[in-house]
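Here is a friendly walk through one protein model, from its overall layout down to a few side chains. Please keep the viewer open as you read.

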Amino acid sequence: LPVQVNTTITRRNFDQVDSMAELFADQQIMMWSVFFLVPVGRGEMEERISAEEYEVVFEKLWKQSQRQPYGIKTTEAPHYRRFVLQRGGDPLASAHPGRQRRAPLGVGDGKGIMFVSHTGEIYPAGFLPLQCGRFPDDSVVDTYQNHPTFRALRDPARFKGKCGVCEYRDVCGGSRSRAYAVFGDPLASEPDCVYSPAHTDAVS
């Protein structure tokens with residue numbers, strides 16, 4: 001039975017990334033899914049790492065992905081794709097022959113992702129509590145395709161701050177859930193990204 005381990009990176013385990021990676025190597029897991037904290041729900045009780053510390057974790061995950069027998073993927077950290085591309089890597093590639101490739105670049109909250117709760121509430125993502133309809137009264141297909149919130153989340157030209165001018169906005173786009181949790185605006189700039197786009201001076 002294939003096993004996947006999910007881990008959320010917080011202040012409490014930030015220094016244990018390499019230790020966890022080595023521990024899982026002996027457990028015959030298929031995938032390590034590394035979540036980055038979005039301060040919603042129970043996540044409000046945990047402390048996020050800084051934007052600079054994201055880069056430290058990214059570096060560790062990048063190196064571990066080259067040597068471990070299992071796949072490593074990130075969740076709510078689309079800027080990891082930028083990190084890999086900056087190092088000449090392929091965010092979709094597998095270091096091991098035969099391993100499945102990742103979801104297409106650019107997939108993010110409300111773009112290739114949607115969440116329907118156990119009571120039918122339709123959201124752009126599990127960490128983005130903006131209700132856009134309720135199934136079965138509303139069609140999940142129509143909601144995904146046509147609801148203004150979903151359409152806005154799929155249009156990087158509408159992103160604000162440095163995300164709106166970033167050269168990686170089509171493959172990254174930042175965490176829309178974290179932007180909403182921190183700034184109250186799902187189109188705001190990713191609050192936990194240290195990267196300065198080439199056209200930052202164009203940000204109003």
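The report below goes from the whole chain to a helix pair, then to a histidine and the cysteines.

**The chain as a whole**

Please bear in mind that this is a predicted model. The protein chain has 7 helices and 6 strands. Followed along the sequence, these elements come in the order β-α-β-α-β-α-β-β-β-α-α-α-α. The chain counts 204 residues, and 46% of them are buried. If you take the contacts between residues at least 6 apart in sequence, 62% of these join residues at least 24 apart.

**Two helices side by side**

Two packed helices are described by the angle between their axes and the distance between the axes. For helix α1 (residues 17-25) and helix α2 (residues 51-65), the angle is about 25° and the axes lie 10 Å apart. Angles under 35 degrees count as roughly parallel, so α1 is roughly parallel to α2. The crossing of α1 past α2 is right-handed.

Which residues make this contact? On the α1 side they are Val17, Asp18, Ala21 and Glu22, and on the α2 side Val57, Lys60, Leu61 and Gln64. By type, the contact of α1 with α2 has 4 nonpolar, 1 polar and 3 charged residues.

**A buried histidine**

Histidine 79 sits in helix α3, which covers residues 79-86. Is histidine 79 buried or exposed? With a relative accessible area of 1%, histidine 79 is buried. Setting aside neighbours within four places in sequence, histidine 79 touches Tyr54, Phe58, Cys172, Arg178, Glu190, Asp192 and Cys193. Two cysteines are included in that list, Cys172 and Cys193, and they lead on to the next topic.

**The cysteines**

How many disulfides does a search of the whole structure find? The search finds 0. The table gives the sulfur distances and the burial for two of the cysteines.

| Cysteine | Closest cysteine sulfur | Sulfur distance | Relative accessible area |
|---|---|---|---|
| Cysteine 166 | in cysteine 172 | 6.6 Å | 14%, buried |
| Cysteine 193 | in cysteine 172 | 6.2 Å | 15%, buried |

Why is there no bond from cysteine 166 to cysteine 172? A disulfide needs the two sulfur atoms within 2.5 Å, and the 6.6 Å from cysteine 166 to cysteine 172 is too far for a bond. The sulfur of cysteine 193, at 6.2 Å from that of cysteine 172, is also too far for a bond. As for their surroundings, cysteine 166 is buried, and cysteine 193 counts as buried too.

Terms used: Residues numbered from 1 in each chain as written. Predicted model: local features only at pLDDT ≥ 70, side-chain atom pairs only at ≥ 80, totals over all residues. Heavy atoms only, no water. Axes fitted to C-alpha atoms, helices over the stretch in contact; angles between N-to-C directions. Helix = DSSP H or I, 4+ residues; strand = E, 2+ residues; numbered from the N terminus. Parallel < 35°, antiparallel > 145°, perpendicular 65-115°, else oblique. Left-handed = near helix turned anticlockwise from the far one by under 90°. Contact = heavy atoms within 4.5 Å. Nonpolar A, V, L, I, M, F, W, Y, C, P; charged D, E, K, R; others polar. Buried < 20%, exposed > 50% of the residue type's maximum accessible area, 1.4 Å probe, protein only.
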